[in-house]
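Trainee: I should like to examine one part of this model in detail, together with whatever it packs against. Could you take me through it, residue by residue where that helps?

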Amino acid sequence: MNSQPVIFVQPQFSVATAQSNVWQTGLMDCCSDCGVCLCGAFCFYCLGCQVASDMNECCCCGGSVAMRTLYRIRYGIPGSICSDFCTILWCPVCALCQIKRDINRRKEMGIF
């Protein structure tokens, strides 16, 4: 008589967290982190270098369409290259600040 193996699965403990496949803040949520907003407004290139450094990329790439697309794809955030291009074209400071705020939030959640 052949006996079938029995597999027991223990219940897993899980903690509800924010979704990791969406932007953690909106494009215009500058007030959620005033330090990032001020840095973006008055020293855009410094903030771009911080973002690039956080992502282990060249400092020149911080505020680019390529950086936004790379970040979005890395975390499974819905969108397209076209939407990334339009966001960077029409609101580069807000777009860069959004990426930096997102990086900061993901670091706090331990998913960066």
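Mentor: Let us start with Leu70, which counts as partly exposed at 32% relative accessibility, since that value lies between the 20% limit for buried and the 50% limit for exposed. The model is a predicted one. Leu70 belongs to helix α3, and this helix, residues 65–74, is the part I propose to follow. Setting aside residues up to four places away in sequence, Leu70 touches Met55 and Glu57. Its C-alpha atom also lies 9.7 Å from that of Ile81, a residue eleven places away in sequence.

Which residues of α3 are buried? They are Val65, Met67, Arg68, Thr69, Tyr71 and Arg72, a list that includes two arginines alongside residues such as Val65 and Met67. The buried residues of α3 pack against three other helices: α2 (44–54), α4 (81–90) and α5 (92–109). After α3 comes Gly76, with a positive phi near 65°.

The whole chain gives the setting for these contacts. Along the sequence the pattern is α-α-α-α-α, with five helices and zero strands. Of the 112 residues in the protein chain, 32% are buried. Among contacts between residues at least 6 apart in sequence, 65% join residues at least 24 apart.

We may now follow α3 towards the nonpolar core. In soluble globular proteins, nonpolar side chains tend to be buried together. Here, the largest nonpolar core has 14 residues, and Val51, Met55, Tyr71, Ile99 and Ile103 are those with the most contacts inside it. The elements that each supply two or more residues to this core are α2, α3 and α5. Its largest share, four residues, comes from α5.

Met55 links several of these places. Apart from its neighbours within four places in sequence, Met55 is in contact with Met67, Leu70, Tyr71, Arg74, Ile103 and Phe112. Two of these partners, Met67 and Tyr71, are among the buried residues of α3, while Leu70 is the partly exposed residue with which we began.

Asn56 lies in the loop between α2 and α3. Although Asn56 is not a glycine, its phi is positive, at about 55°. Asn56 counts as exposed because its relative accessibility is 70%, above the 50% limit.

Let us turn to the side of α3 that meets α4. The two helices pack at an angle of about 130°, and their axes are 9 Å apart. That angle makes α3 oblique to α4. The crossing of α3 past α4 is right-handed. On α3, the contact is made by Val65, Arg68, Thr69 and Arg72; on α4, it is made by Ile81, Asp84, Phe85, Thr87 and Ile88.

Why do the buried residues of α4 lie on the same side of that helix? The residues concerned are Asp84, Thr87 and Ile88. They are on the same side of α4 because they cover an arc of only 95° around its axis. An α-helix has 3.6 residues a turn, so residues three or four places apart point the same way. The buried residues of α4 pack against α3 and α5. The face turned away from this buried side carries Cys82 and Trp90, both exposed.

Thr87 merits separate attention within α4. Thr87 is buried because its relative accessible area is 17%, which falls under the 20% limit. Beyond its neighbours within four places in sequence, Thr87 is in contact with Leu27, Arg68, Pro92 and Ala95. Of these, Arg68 is a buried residue of α3.

Finally, α5 gives four residues to the largest nonpolar core and is also packed against by α3. Helix α1 (residues 34–42) meets α5 as well: their axes come within 9 Å and cross at roughly 145°. This crossing is right-handed. The contact involves Val36, Cys37, Gly40 and Ala41 of α1, with Val93, Cys97, Lys100, Arg101 and Asn104 of α5. Phe42, also in α1, is exposed, with a relative accessible area of 72%. Although Phe42 and Val93 are 51 residues apart in sequence, their C-alpha atoms are 9.7 Å apart in space.

Technical notes
Residues are numbered from 1 along each chain as its sequence is written. This is a predicted model: local features need pLDDT of at least 70, side-chain atom pairs count only at pLDDT 80 or more; totals for chains, interfaces and linings use all residues. Side-chain values use heavy atoms; hydrogens and water are left out. Buried means under 20% relative accessible area, exposed over 50%, partly exposed in between (1.4 Å probe, protein chains only). Contact means heavy atoms within 4.5 Å. A nonpolar core is a set of buried Ala, Val, Leu, Ile, Met, Phe, Trp, Tyr and Cys residues joined through side-chain atoms within 4.5 Å. The arc is that of the directions from the helix axis to the C-beta atoms. Axes are lines fitted to C-alpha atoms, for helices over the stretch in contact, and angles run from 0 to 180 degrees between N-to-C directions. Angles under 35 degrees count as roughly parallel, over 145 as roughly antiparallel, 65 to 115 as roughly perpendicular and the rest as oblique. A crossing is left-handed if the near helix is turned anticlockwise from the far one by less than a right angle, and right-handed if clockwise.
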